[in-house]
Structures are given as structure tokens and as C-alpha cells.
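Subject: Structure handover

Hello,

Here is the structure I promised to pass on. Please open it first, then read my notes below.

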Amino acid sequence: MRKLLGIGLAAGAAFALGGIALNRGESINALWVLAAGACVYALGYRFYAAWISARVLAADATRATPAERLDNGRDFVPTARWVVFGHHFAAIAGPGPLIGPTLAAQFGYLPGVLWILVGSVLGGCVQDMVVLFASTRRDGRTLGQMARDELGPVGGLAAILGTLAIMVILIAVLGLVVVNAMKHSPWATSTVFATIPIAMGVGLYMRVLRPGRVAEASLIGVALLLLAVAGGGWLDHQPALRPLFDHEATALAGFVIGYGFVAAVLPVWLLLAPRDYLSTFLKLGTVVLLAIAIVLLRPELKLPAMTRFVDGSGPIFAGPLFPFVFITIACGAVSGFHALVSSGTTPKLIRTEADVRLVGYGSMVLESLVAIMAMIAAALLDPGVYFAINSPLAALGGDAHAAVATLSGWGFPVSIEQMQSLAHEVGEATLFARTGGAPSLAVGMASILSGVFGAGLLAVWYHFAIMFEAVFILTTLDAGTRVGRFMLQDALGHLVPALGRTSWYPSVLLSSGLVVAAWGYFLYVGVIDPNGGINILWPLFGISNQMLAGIALAVVTAIILRGPRWRHAWVTALPLAWLAIVTSVAAWQKLFDPSPKIGFLAGARDLAARLAAGALPPAKAAVAGRLIFNQRLDAALTAFFLVVVWVVILDMLRIAWQRLRGAAVPPSREAAYVATRLEEGARA
Amino acid sequence: MPERAAGLARALLARLAEILRGAAGLDRYEHYLAHARRAHPGEPPLSRAEFFRRDEQERWSGVRRCC
């Protein structure tokens, strides 16, 4: 039976993937992509994950988990498996898997789809599951603590520094995505602004009016958010109100930076927690809605399977297919950030080790499916429209007329009238050069959703999608700033003990200010960059996220190597090796590639030479100094990431070498075995 | 037969609602109450409002959300 299922699934996957790969020249239906995904995920979950759980991790259902042993009714609570699954999925799924595939569609949909499927099944899902398992066996210790325990102080420090750096880059790039979605769009700006008082109202309701009544407060909040989307459309037609929400990118960046600081120092109950409830419901609801709509609509993919830009000449970001598709799509295939949630929070809810496969591997399968849906939403647009929305004008010749000519010359015909009528339909002034992925994804999502749930509502669905992404992004921005603040306070506390007190207000203000200044700087430079900033920041984010995954995989590989089943360490060593190659090559190219579009140092040199020769237009010359400095700073940061991840990998290889030589390896530090007293089978 | 199908659908929906409640953390006070009665019988448990205040602050002191 088991074999028959496996053969059936493998045949299904091969058939669907073969259909996609061989179907050159004609457009293909999105259902093929979903079918291929479903078969690959089912194979991975049913066989590979089950084998890892049984043979590599030796998950033991008779062993009491920390949730049972340390049950305190708050963070340690034995929880039913599907509830933990939902909880964990809501924690790992953010804007990342929506944006990465949208940008990577520049190469065509095929490379991205293959990497999302293979990367998740063999890499990302495995990482999440094994980290979750390791942390569950260690009383819910965090990745940083496990790195220190299993690798030593150097590995521990590297993991913490890596986390802090990735947080800064992540928040900057997400801030840039929101800014680009709001730029000169009163509808989007007013809707995004409205989410803030709505969240605060929900917070006050839950705190003061009806304490602890989260469900009813959230329901009211979601209703208000939908009202805000509609209200933004009304406001967009009021000549008196419109200018209040029509802003330049620099002003909006200033707003996001100020907002980030205020949100980080406000008490969590007022803004962060209520908005997180709202975004959780929106997230789960929208994912389900989108999946249903794709199945009902069965859209054709208009983007070619592979575009000419696999050679590295793409307008959205520069760099060839290898290694950059693997960097651009981090979340959705492998995301190092997940290791932070898989250690620390979720393990304290795991009721039995038998649930680790569903929660760790299964949640990541679902996130990967979200990435596939984002790719479908990008690929169903006319390629000309897709490139016109996502490319900075500087990469297409400078203005809309040149952009249309350039794109048509590349074989992606599009006209100014077509762009204008689409912009009009979605209720925007223009859709040219709306880089960052959010507007393009919103157009894709809006055309799917309005195709099924109400034609003619394109503009409302578009701004619903923008609001949905913004709510995610602002949550990540607050939560990330806060985590950065705690880490910084922890570090500063070693120097000046008073600064380590997390609730001492001067320390809160100082450390929040430092974290916000760090990401605010990258956000600001991204905004003033005539090339749109995304083409620099997104690869940097991808590299840092994949390097964090490298660190996490190195830590769990060391854990497996220290245990009795060390011969199976290839399960995590294989994705680690791939990530080490991909990120090292990508980092090397970002550092030293002679093309100024790819290499940071070459970019800085090129700009400096043109500035000295007086060859820059005055607007660009005014900011060139800052751009040059920024490219050098980006280079230094990339080098730092490269060093950090290799320090951790070499630390792990030291243990592998001892194993292979047959030397004694000190065992890994698991909590002692205690038999479970929970009865079998009582689960939701 | 239709009653059985309706019953099945109702049970499925109820379970889905339960999962959603748990995933969003709406049942945390109930968990706490159960724990308090089991582990500290005799002591009066915190009220819903008191628990909510303390819990919310604690829950946001670590990495809870990804990208």
C-alpha cells in the first residue's frame, strides 16, 4: 500500500513537472504547477520526513516533552498537534515568501518553482523540523544557546551576531517594500495609516473595555480594516483630502522610521499584540481564499518558463540564474529565520515528539505552497506588465516611453495605454517602476480574487492586498526592532549593567534608537537610490537569511554528529553544503564581480569615476557620495556574513573530522529521558 | 444520510474553529486556568484581565514572527 502510494505520487510529480518543463512556447495552466507541488510535498512529507523522524532523529512518543515536564500554563503548554501546527505556521509565514518569488519571476517561473519545491522538501522543511526537534529535546533552548552548547562560544557569538545583522537588513528591505507601495498613492497610504489607529483601538478594547476578549476585538478590527480599504477608495476621490496622503518616498521613509521607533518603545498591548492578532487572521484567511480562487479560476501562466535574463542582465535585479535565484527566493524554500521560531517558542508547545514532523516539516510545506501561489500570481501577468511594474525606470531607459520601447524590444510587448488603463482599474496613478514586489503581487492577487469573487472590484482587491502585505510587514518591523532591542540590551548589559535592564526607560530608548537608526539608514539609502534600492537590499537580505540557515544547519549537523546516528548527518549536511556553495558564490560575486551592476565594490568604483568625470546628471550627483559609501558598507557587511557563516561551518567540520578519525566525540546535551504520563491518542 | 453529512460538516467546522482559536492564542486563559487548578489548588487563580496583562507582555519578549 505504502509502496503503491509512493509510486503513484512519484509518477504524478514526474508527469506534472514533465508537463511543465516540456511545454515550451505555449502557456501553461497554473493547476499544473499546483499539482506538481502537491505531489512533491506529499512525497516529501509521507516518506522523507517520516524516515528522518524515525531513523535520524529517533523521535520517541514515550518520551515526555518539555511542554509536559515543565508545564506552567503559559509558555510551556502541551498543545494539540493541529493547534501547534497553526500556531507555528502563523509564526513563520510573513511577507518573505510573497516577495521573493515575485522578484525571482524575472528568470521565468520554472527556475523559481523548481527551487521552491526541491529547496523546501530537502532543505527548508528539514531544517525547520530538525531544529524544532533538537530544541524540544533541550527544553526549548534557542538557536543561539544551542550553538554555544554544541559548538562553543565562537559559534554561539556568530549565531547571535548573524541574527542581529539579518534583522537590520530584513526590516530595511521590508520598510522599503511598504514605502514603494505607498509612494504617491493616497489610497494605499491612507489605508496603511489607518491600520495603526485600528490596531490601537483593538488593543485598548482588549485591555480596558473588555479585558482578554481577543476574539471579539479581532473580529471588530478585521471589519474596520476592510472598511479602511473601502474608505481609502472614497478618500482617493476627495480633492481636499487626497493631497494629505500623497507623499514622496523620502517623506514616507521618514514616517516608517519614526513609526518604528515609537512602536518599539510603546507597550506591546497597545500596538504590537493587537495588530499581530489581526495579521494572523488576515494571513490565514487570505491564504485559504487565494488557494480556493486559483483552483476555481485555473489561470494560464503568461510568463515564459525561462526568460533571457537567466544570463544576469535582468532589469529587476542584476545577476545570473546561478546563484541568484537561490538567494532571491529564501523564504518559501529555505529560511534561516525559521530556526529562531523553531527553537525557543514552538518547542514549548509540542505535546509529543511524534508531532514534530507535522509541525516542523508540515508548516514549512504550507509556507512553500504560499511561495508557489505568489509565483503563480506573478506569472499570470502579461510579461511586459510584470517587468514594467517591477523594474526601476533607470534600468529601462529613464522614463515611461523608453521603458515601453525597451521592454517591447526584449519581446515583452506593452504599451503606455495598457499600463495606464491597468493603473486606472486598480485605482493608482501609475504602475511604472513600483519596485519591491508588493504592487505587482497585489495586481496578480487582485486579478485572481476579482476573477472569482466579484469582477469590477479590481481596485478594492488591489488595495486589500496592499493592506494585507503592509499589516504583515509592519508587524515584522515592530517585532524585529523589539527583538533587536532585547539582543542589544543583553549585549550592552555586559558593558554597563544598567543598560541590560530591559524595562529601564533610558536603556529602552537608547537601544531602540540604535536599532531603528541601523535599519533606518539602509531604508533611507534604498529610497534615494535611483535604481530603486531593492536590487541592492533584497540580495543582501537573501544572502543573510540563507547564511542564518547555514548556521542553523551547521548547529543541528553538529548535534547529529555527536549522537549515535551520526552516519545520517548527511540529511542536514547536504542542504548545508548547497547553501554554503550558493551563498559563498553569491557573496563573492556581490563583492568582487567586475560588473558595476552586480559587484558592490565595482559599483562604488564606477560611480566614483563617473562622479569625478562629471558624467552624472545633477540629481544623481547630489546623492552619489552617499551611494558610494553605502555600496562599500554593503560590501563590508557581505564579507562579515561570509566570515560568520564559515566560522560556524568550520567549527562543525572540526567535530565531523573527529568522528571520521574515530576519535571520541563528547555527546550532545539532551535533557534526560522521562517517560510520558499523557495518555495516548488524546489530541485534537 | 444528509443528517450524517451535516453532522460531519459541523464537527469538522467546530474542530477548525478550535484549531484557529488555539493557533491565534485565544484559549490561553483557559489553559492557564486548567494549569492553575491542577498545580496550585487552593490558591485563587488570576482573573482573565490580570492574566491577559501579564501574559501579553511575556509573550512578546522573544522572536515570535518571521519574515
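P323(A) sits in helix α13 of chain A, residues 321-328. The peptide bond leading into P323(A) from F322(A) is cis, with omega near 5°. Keep in mind that this is a predicted model. All values here are computed from it.

**Positive phi outside glycine**

Two loop residues of chain A deserve a look. A58(A) is not a glycine, yet its phi is positive, about 50°. A58(A) belongs to the loop between α2 (30-56) and α3 (66-69) of chain A. It has 14 other C-beta atoms within 10 Å, so A58(A) is partly exposed.

D139(A) also has a positive phi without being glycine, near 55°. Its loop runs between α6 (109-137) and α7 (143-151) of chain A. Is D139(A) buried or partly exposed? With 17 other C-beta atoms within 10 Å, D139(A) counts as partly exposed.

**The core and helix α22**

The largest nonpolar core holds 236 residues. The residues with the most contacts inside this core are I169(A), M375(A), I376(A), L537(A), I551(A) and V555(A). Which helix gives the largest share of the core? That is α22 of chain A, residues 534-562, with 20 residues.

Take M375(A) from that list. Leaving out residues up to four places away in sequence, M375(A) touches P101(A), A105(A), Y109(A), G112(A), V113(A) and I116(A).

Helix α22 of chain A also carries Q546(A). Q546(A) has 30 C-beta neighbours inside 10 Å, and the cut-off for buried is 20 or more, so Q546(A) counts as buried. Beyond four places in sequence, the contacts of Q546(A) are I327(A), A330(A), V334(A), G336(A), L579(A), V582(A) and T583(A). Q546(A) and T328(A) are 218 residues apart along the chain, but their C-alpha atoms are separated by 9.8 Å.

**Helix α25**

Helix α25 of chain A covers residues 618-661, 44 residues in total. What span should α25(A) have at 1.5 Å a residue? The expected value is 64 Å, and the end C-alpha atoms are 64 Å apart, so the two agree. There is nevertheless a kink of about 50° in α25(A), centred on A624(A). G662(A) follows α25(A) and has a positive phi, near 85°.

**Chain B and its contact with chain A**

Chain B has three helices and zero strands. The order from the N terminus is α-α-α. A compact globule of 67 residues would have a radius of gyration near 11 Å, whereas chain B has 17 Å. The C-alpha trace of chain B spans about 50 × 40 × 20 Å along its principal axes. Of its 67 residues, 27% count as buried.

How many residues does each chain bring to the contact? Chain B brings 29 and chain A brings 45. On the chain B side, α1 (2-24), α2 (28-39) and α3 (48-59) each supply at least two residues. The largest share of that side, eight residues, is from α3(B). By class, the side of chain B that touches chain A has 15 nonpolar, six polar and eight charged residues.

Over to you.

Best wishes

Technical notes. Residues are numbered from 1 along each chain as its sequence is written. Chains are lettered from A and ligands numbered from 1 in the order in which they are written. This is a predicted model: local features need pLDDT of at least 70, side-chain atom pairs count only at pLDDT 80 or more; totals for chains, interfaces and linings use all residues. Helices (H or I, at least four residues) and strands (E, at least two) are DSSP runs, numbered from the N terminus. The expected span of a helix is 1.5 Å times one less than its number of residues. The bend at a residue is the angle between axes fitted to the seven residues ending there and the seven starting there. A nonpolar core is a set of buried Ala, Val, Leu, Ile, Met, Phe, Trp, Tyr and Cys residues joined through C-beta atoms within 7 Å. A residue is buried if 20 or more other C-beta atoms lie within 10 Å of its own, exposed if 12 or fewer, and partly exposed in between; C-beta atoms are placed from the backbone. Two residues are in contact if their C-beta atoms, placed from the backbone, lie within 7 Å. The radius of gyration is taken over C-alpha atoms; the globule rule is 2.2 Å times the number of residues to the power 0.38. Ala, Val, Leu, Ile, Met, Phe, Trp, Tyr, Cys and Pro count as nonpolar, Asp, Glu, Lys and Arg as charged, and the others, Gly among them, as polar.
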